[in-house]
Amino acid sequence: MRRVAVTGVGAVSALGVGAESLWENASAGVCGIRPLVNITLDRLNVRYGGQAQAFDAAAHFEPKQIVMMDRAALLGLVAAREAFDQSRPELEDAYAGGVIFGAAIGHDTYDEAYRKFYEDRQDRLHPLTIPRIMPNGATSHISMAFGLRGAAFATASACASSTHAIGLAFHYIRSGQLDLAVTGGTDAPLCVGVLKGWEALRVLSRDVCRPFSRDRAGLAVGEGAGVLVLEEWERARARGADILGEIVGFGMSADAADLTAPDMNGAARAMSQALRDADLAPEAVGYINAHGTGTRLNDQTEVAAIRKVFGAHADRMAVSSTKSMLGHAMCGGGALELIVTLLGLKRGVLTPTIGFHERDPNCDIDCVPNEARAARVEYAISNSFAFGGLNAVLAVRAAPG
C-alpha cells in the first residue's frame with residue numbers, strides 16, 4: 001500500500017486566520033473562547049464561544065462571491081486556499097485529485113431565512129438559499145476553485161465529520177484511487193437558532209471550556225475550518241514538497257447505544273482499529289489529541305477508553321484537548337485538531353489543555369495542564385467521538401528529519 005504525506009495545511013479558527021496563527025496561539029495556550037460579538041444575545045443564555053472574530057469575508061472574496069456561500073463555506077475555502085498555496089501540488093490529471101470534506105449545513109443561511117419568513121413575514125427568500133445551505137457546499141466550491149475532478153463528496157457524522165473525511169481521503173490515496181486530496185472540514189454554528197438548541201441539551205459551559213479539570217462545566221461551541229492537502233508519498237518527495245507529516249492509520253466504529261451518551265467500548269474500538277491500520281503497537285504512541293469536550297461524561301468515558309487500549313502505557317503518554325482553546329468547532333473540529341497535532345510533532349511541542357485547575361480522579365491522565373511542553377514524539381493519534389456514537393480516529397507520524 002502507498003504512503004500518504006501531508007504537504008499543506010490551512011486554518012481559520014478562534015485563534016486567528018491561518019495555520020500559523022492557529023499554531024502560535026495554541027502553543028502559547030491562548031484562549032480563543034471569548035464573549036460573542038455580532039450575534040443578537042437577548043434571547044440567549046450563552047455568552048461565550050470559539051468565534052473566528054478575526055475573519056472578514058470581504059478581505060478574501062468579491063461581493064459576488066460572498067453572496068454564493070454560507071459562512072461555513074467561506075471559512076472552508078479560505079483555509080483550502082492556504083493549504084493549496086503551501087502545498088503547490090503538481091497534478092497532470094485532474095481526475096486524480098479529489099475533495100473529501102466534512103459536511104456543514106449552512107446554519108447562518110437557515111437562521112436568516114427562517115427569521116425573514118417567520119418573523120418578518122417575507123414570502124420570498126434569497127434565490128441562492130438552497131445552494132448556500134446544502135451540506136456539500138464547501139466541497140463543491142473547493143473542487144471548482146482548484147479544478148479537481150476526481151472523487152468529491154461530503155461526510156456527515158456530526159463532530160467526527162472532518163476526521164472521517166480525512167480518513168477516507170487517506171484510504172483513497174493509499175489504495176490508488178486518488179493521488180491527491182484536499183480534505184478536512186468547516187462549520188459555522190454560532191447563530192441564535194443553533195445555540196438555542198445547544199442550550200436545550202444543558203451541556204454548555206457559561207464561560208470557557210476546562211477539559212479534564214475537576215471543575216469543568218461543559219463545552220463551548222466554536223467555529224472554524226481546517227484543511228489538509230494529502231498526497232501519495234513518493235510523488236510528493238519526487239517534486240520536492242515540504243512534507244509536514246504522514247497519515248499512517250485510520251479507525252472507525254459506532255457505539256450503537258445512545259444518541260448523546262458516549263460508550264467507552266466504541267471509542268476504544270476506533271482507537272484500536274487506527275493502531276491496527278497503522279501496524280502500530282500501543283507503546284509506540286506518545287501523544288493523543290483528545291476529543292476532550294469538557295463535559296463530565298465525555299471526558300471520563302474517553303479516559304476509560306484510553307486506559308482500555310493503552311493500559312499502563314497511558315501513564316507515559318500526554319493527552320491534551322485543543323478544544324480548551326478553540327471551543328468545539330463541530331464539523332471542522334477534527335481537522336483543526338489534527339493540524340495542531342501534526343505541527344506539534346514537527347516542531348517538538350505538545351499543546352496544552354488550558355483552564356485546568358484541579359485533577360479529577362476519574363480523568364487520571366497527563367493532560368499537559370495549562371502550558372505547552374517540549375517533547376519529541378514520533379507517533380500520535382487524534383480522536384473524534386460524535387453524537388450518535390460515531391467514532392473516528394487518525395494515527396499520524398512526525399515529518400521526516
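This report walks through the pockets, a cavity, two helix contacts and an aromatic pair of the structure above.

The model is predicted, so local features need pLDDT of at least 70 and side-chain atom pairs count only at pLDDT 80 or more, while totals for chains, interfaces and linings use all residues. Residues are numbered from 1 along each chain as its sequence is written, and side-chain values use heavy atoms, with hydrogens and water left out.

## Pockets and a cavity

Rolling a probe the size of a water molecule over the atoms shows where empty space is left. On a 1 Å grid over the protein atoms alone, a cavity is a set of points where a 1.4 Å probe fits but cannot get out; a pocket is an open set with protein on both sides within 12 Å along at least five of seven lines, and lining residues have an atom within 4 Å of a point. Points are joined across faces, edges and corners, and a volume is the space filled by probe spheres set on them. Helices (H or I, at least four residues) and strands (E, at least two) are DSSP runs, numbered from the N terminus. For residue classes, Ala, Val, Leu, Ile, Met, Phe, Trp, Tyr, Cys and Pro count as nonpolar, Asp, Glu, Lys and Arg as charged, and the others, Gly among them, as polar.

Here are the linings by class:

| Space | Nonpolar | Polar | Charged |
|---|---|---|---|
| Largest pocket | 15 residues | nine residues | 11 residues |
| Second largest pocket | 25 residues | 16 residues | eight residues |
| Largest cavity | six residues | two residues | two residues |

The largest pocket holds about 1,000 Å³ of space. Of its 35 lining residues, Asp108, Asp111, Glu112, Cys191 and Val192 lie nearest the centre. Helix α4 (107-119) gives the largest share of this lining, 12 residues, and α5 (129-133) and α8 (192-201) each supply at least two.

For the second largest pocket, the volume is about 730 Å³. It is lined by 49 residues, with Ala158, Cys159, Trp198, Met330 and Phe387 nearest its centre. Helix α8 turns up here too, with at least two residues, as do α11 (296-310) and β14 (379-386); the largest share, five residues, comes from α11.

There are also three cavities of 30 Å³ or more. The largest cavity has about 50 Å³ of space, and its lining includes Asp70, Arg132, Met134, Pro135 and Thr186. Two or more of the lining residues come from each of α3 (71-87) and α6 (137-146).

## Helix α13 and its partners

Axes are lines fitted to C-alpha atoms, for helices over the stretch in contact, and angles run from 0 to 180 degrees between N-to-C directions. The axes of α1 (residues 19-27) and α13 (residues 333-347) come within 10 Å and cross at roughly 70 degrees. The two helices are therefore roughly perpendicular to each other (65 to 115 degrees; under 35 is roughly parallel, over 145 roughly antiparallel and the rest oblique). In contact (heavy atoms within 4.5 Å), Ala19, Glu20, Leu22 and Trp23 of α1 meet Leu336, Ile339, Val340, Leu343, Gly344 and Arg347 of α13. By class, that makes seven nonpolar, one polar and two charged residues.

Helix α7 (residues 161-175) also packs on α13, at about 65 degrees with the axes 5 Å apart. Here Ser162, Thr163 and Ile166 of α7 meet Gly333, Gly334, Ala335 and Leu338 of α13, giving three nonpolar, four polar and no charged residues.

## An aromatic pair in α4

The whole structure has six aromatic pairs (rings of Phe, Tyr and Trp, its six-membered ring, with centres within 6.5 Å; planes under 30 degrees apart are stacked, over 60 edge-to-face and the rest tilted). One of them joins tyrosine 110 and tyrosine 114, a tilted pair at 5.5 Å centre to centre with 35 degrees between the planes. Both tyrosines lie in α4, four residues apart, about one turn of the helix.
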